[in-house]
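Reader: I'd like to learn how to read the ligand site, the hollow spaces and the backbone of a protein model. Could you walk me through one?

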Amino acid sequence: MAGDPRPIGVFDSGMGGLTVLRALVARLPSERFVYLGDTARLPYGTKGAETVQAYALQASRLLLDQGVKMLVIACNTASAVALYLLQEAWAPIPVIGVIEPGARAGVAATRNRRIAVIATEGTVKGGAYARAIQRLMSDAEIVQQPCQVFVALAEEGWTKSPATRAAVEHYLGPMFRNPSAPDTLVLGCTHFPVLAGAIREVIGGAVALVDSAETTASAVAEALAGAGLNSEAEPSGERATRFFATDSPERFARVGAVFLGRQIDPAFVELVDLRAL
Ligand code: DGL
């Protein structure tokens, strides 16, 4: 067969990475994907760097066992602490993270050079976003705000509940009512795009709301083309994706649909245990 038909491996702590998978499928319809949500060990955002690195190694091992040709770390927290580790461990398999693409999206959107980043505790603590933005725009003013509770709200599928609205107001209301507020908000956690409606209500219509999904899809497309790894198969639609979860496939399929924007057939979600890998 022409091209490289092997799938692309994508992982996250849970369902957040499905927001990235959605953009990948739209951008690369001829590719097949294998997605892993480490739902049993979520959240990653409250854990230390060494723990997240160990989890990321195990998650990527499972995907490599599926014969993937490329890995996408669809988790900012894991990208922040494990990107270089995985790149080194799995060379020559290309490994792509979401921080650099998210930073690029933020820099492309800002006009007043003030950029806010909301992310998990771990991502904010490590400062990877601030460094990535500063590399691209050295005079950018960056405000980072951990919003770990958003992960739980998103995993619960509470995209529009009063509790979500109150949490968004708590974290973002004061920041965006300030006259010298940032004009750009980077969703530095792949769980957050499903809360975009509630976030928009609080920050108002003038602020650019960006995430790393589209820019990561572009980075993956470039990397595939650059390495000559594109599949030339006919687009095969929804069945081209296989799902793995480390807990409750039924829940993964039910709530995952909110993140992926389409139904997930529970029969296509396989339960796996990463602990022995
Ligand atoms: N979705 C993940 C991220 O992008 C992590 C959420 C979590 O497990 O805390 O950071």
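Author: Happy to; we will take the ligand, then the cavities and pocket, then the backbone. Keep in mind that this is a predicted model.

Reader: Let's begin with the ligand. How many residues surround the ligand, and which are the closest?

Author: The usual start is to list the neighbours. Here 14 residues surround the ligand, and the closest are Ser 13, Tyr 44, Asn 76, Thr 77 and His 191. Sorted by class, that shell holds five nonpolar, eight polar and one charged residues.

Reader: Which N or O atoms in side chains should I look at around the ligand?

Author: For polar contacts, we look for pairs of N or O atoms within 3.5 Å. The side chain of Asp 12 has an N or O atom 3.0 Å from a nitrogen atom of the ligand. In the side chain of Ser 13, an N or O atom is 2.6 Å from an oxygen atom of the ligand.

Reader: And what about a polar backbone atom?

Author: Gly 45 supplies that case: a polar backbone atom of Gly 45 is 2.8 Å from an oxygen atom of the ligand. As for cover, the ligand taken alone exposes 300 Å², and the protein buries 100% of that.

Reader: Where does the ligand sit?

Author: The ligand sits in the largest cavity. About 70 Å³ of space lies in this cavity. Its lining has 16 residues, and Ser 13, Cys 75, Thr 77, Thr 120 and Cys 189 lie nearest the centre. By class, the lining of the largest cavity has five nonpolar, ten polar and one charged residues.

Reader: How many cavities of 30 Å³ or more are there?

Author: The count comes to two. The second largest cavity has about 30 Å³ of space. Among the residues that line the second largest cavity are Thr 19, Leu 187, Cys 189, Pro 193 and Asp 211. That lining divides into five nonpolar, three polar and one charged residues.

Reader: Cavities are clear now. How much space lies in the largest pocket, and which residues are closest to its centre?

Author: A pocket is an open set, whereas a cavity is one the probe cannot get out of. In the largest pocket there is about 220 Å³ of space. It is lined by 13 residues, with Ser 79, Ala 80, Tyr 84, Ala 128 and Arg 135 closest to the centre. Helix H3 (76–90), helix H4 (99–109) and helix H6 (128–136) each give two or more residues to this lining.

Reader: Which element gives the most to the lining of the largest pocket?

Author: That is H3, with seven residues. By class, the lining of the largest pocket has nine nonpolar, one polar and three charged residues.

Reader: Now the backbone. Where should I look for a cis peptide bond?

Author: Most peptide bonds are trans, so a cis one deserves a look. A cis bond joins Leu 42 and Pro 43, with omega about 0 degrees. Pro 43 lies in the loop between strand E2 (33–37) and helix H2 (49–65). Another cis bond joins Ala 91 and Pro 92, where omega is about 10 degrees. Pro 92 belongs to the loop between H3 and strand E4 (95–96).

Reader: Which residue has a positive phi although it is not a glycine?

Author: Most residues other than glycine have a negative phi. Here Arg 113, not a glycine, has a positive phi of about 60 degrees. You will find Arg 113 in the loop between H4 and strand E5 (114–119).

Definitions and conventions
Residues are numbered from 1 along each chain as its sequence is written. This is a predicted model: local features need pLDDT of at least 70, side-chain atom pairs count only at pLDDT 80 or more; totals for chains, interfaces and linings use all residues. Side-chain values use heavy atoms; hydrogens and water are left out. A residue is near a molecule or strand if one of its heavy atoms lies within 4 Å of it. A polar contact is a pair of N or O atoms within 3.5 Å; within protein, one must be able to donate a hydrogen and the other to accept it, and residues adjacent in sequence count only if both atoms are side-chain atoms. Accessible areas come from the Shrake-Rupley method with a 1.4 Å probe; for residues, only the protein chains shown count as cover. On a 1 Å grid over the protein atoms alone, a cavity is a set of points where a 1.4 Å probe fits but cannot get out, and a pocket is an open set with protein on both sides within 12 Å along at least five of seven lines; lining residues have an atom within 4 Å of a point. A molecule sits in a cavity or pocket if more than half of its atoms lie within 2 Å of its grid points. Ala, Val, Leu, Ile, Met, Phe, Trp, Tyr, Cys and Pro count as nonpolar, Asp, Glu, Lys and Arg as charged, and the others, Gly among them, as polar. Grid points are joined across faces, edges and corners, and a volume is the space filled by probe spheres set on the points. Helices (H or I, at least four residues) and strands (E, at least two) are DSSP runs, numbered from the N terminus.
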